[in-house]
Amino acid sequence: MIAPHLSGFSFSDYNNRPSQWFFALEPKHPLAYFAMLAILTRVYKETNIAKPAVVFTTGPASFYDGFKRFIHFTPDVNMEINEVRDFVGID
């Protein structure tokens, strides 16, 4: 059972890092925001989108980077997460 005071949880890997293959978070959780931000940043910088380095682009490395940013989370970042934005694709 998940304790009521928890806003999220995940399994950990052999190095005791949070695992991206199984986790659960409340809506608008900062960890989800930071992980997606890391993924989108890496996809945008990818030089060969046909053969991305999956582990580093969308896999465990991006999730772990999001986790590291979440650990250093401050309340001023909360405004950035809850802003309403329109995202426009590239033609």
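This report covers helices H1 and H3, the salt bridges, and a nonpolar surface patch in a predicted model.

## Helix H1

Helix H1 runs over residues 30-45. Its 16 residues should span 22 Å at 1.5 Å a residue. The end C-alpha atoms of H1 are 22 Å apart, which agrees.

Several H1 residues are buried: Pro30, Leu31, Tyr33, Phe34, Ala35, Ala38 and Ile39. Leucine 40, also in H1, is exposed, with a relative accessible area of 54%. That value puts leucine 40 in the exposed class because the cut-off is over 50%. The C-alpha atom of leucine 40 is 8.3 Å from that of threonine 58. These two residues are 18 apart along the chain.

## Serine 62 in helix H3

Helix H3 covers residues 60-71 and includes serine 62. Serine 62 is buried, with a relative accessible area of 0%. Its side chain reaches the backbone oxygen of threonine 57 at 2.7 Å.

Which residues does serine 62 touch, leaving aside those up to four places away in sequence? They are Ala35, Ala38, Ile39, Arg42, Phe56 and Thr57. Among them, Ala35, Ala38 and Ile39 are buried residues of H1.

## Salt bridges

Side chains of opposite charge can pair when their charged atoms come close. The structure holds two salt bridges. One joins aspartate 65 to arginine 42, with the closest N and O atoms 2.2 Å apart. Aspartate 65 lies in helix H3 and arginine 42 in helix H1, so this pair ties together parts 23 residues apart in sequence.

Aspartate 65 also forms a salt bridge with lysine 68, at 3.2 Å from N to O. This pair sits within helix H3. The two residues are three apart, so about one helical turn separates them. Arg42, Asp65 and Lys68 are thus linked in a network of salt bridges.

How accessible are the members of this network? Aspartate 65 is partly exposed, at 23% relative accessible area. Arginine 42 counts as partly exposed at 25%. Lysine 68 is partly exposed too, at 39%.

## Nonpolar surface patch

Phe11, Trp21 and Phe22 form a nonpolar patch on the surface. Together they have about 360 Å² of accessible area.

Phenylalanine 22 lies in strand S2, which covers residues 18-25. Phenylalanine 22 is partly exposed, with a relative accessible area of 36%. It qualifies for the patch because patch residues need over 30%.

Technical notes:
Residues are numbered from 1 along each chain as its sequence is written. This is a predicted model: local features need pLDDT of at least 70, side-chain atom pairs count only at pLDDT 80 or more; totals for chains, interfaces and linings use all residues. Side-chain values use heavy atoms; hydrogens and water are left out. Helices (H or I, at least four residues) and strands (E, at least two) are DSSP runs, numbered from the N terminus. Buried means under 20% relative accessible area, exposed over 50%, partly exposed in between (1.4 Å probe, protein chains only). Patches are made of residues with over 30% relative accessible area and no salt bridge: like charges are joined within 9 Å, nonpolar side chains (Val, Leu, Ile, Met, Phe, Trp, Tyr) within 5 Å. Accessible areas come from the Shrake-Rupley method with a 1.4 Å probe; for residues, only the protein chains shown count as cover. A salt bridge is a side-chain nitrogen of Lys or Arg within 4 Å of a carboxyl oxygen of Asp or Glu. A polar contact is a pair of N or O atoms within 3.5 Å; within protein, one must be able to donate a hydrogen and the other to accept it, and residues adjacent in sequence count only if both atoms are side-chain atoms. Contact means heavy atoms within 4.5 Å. The expected span of a helix is 1.5 Å times one less than its number of residues.
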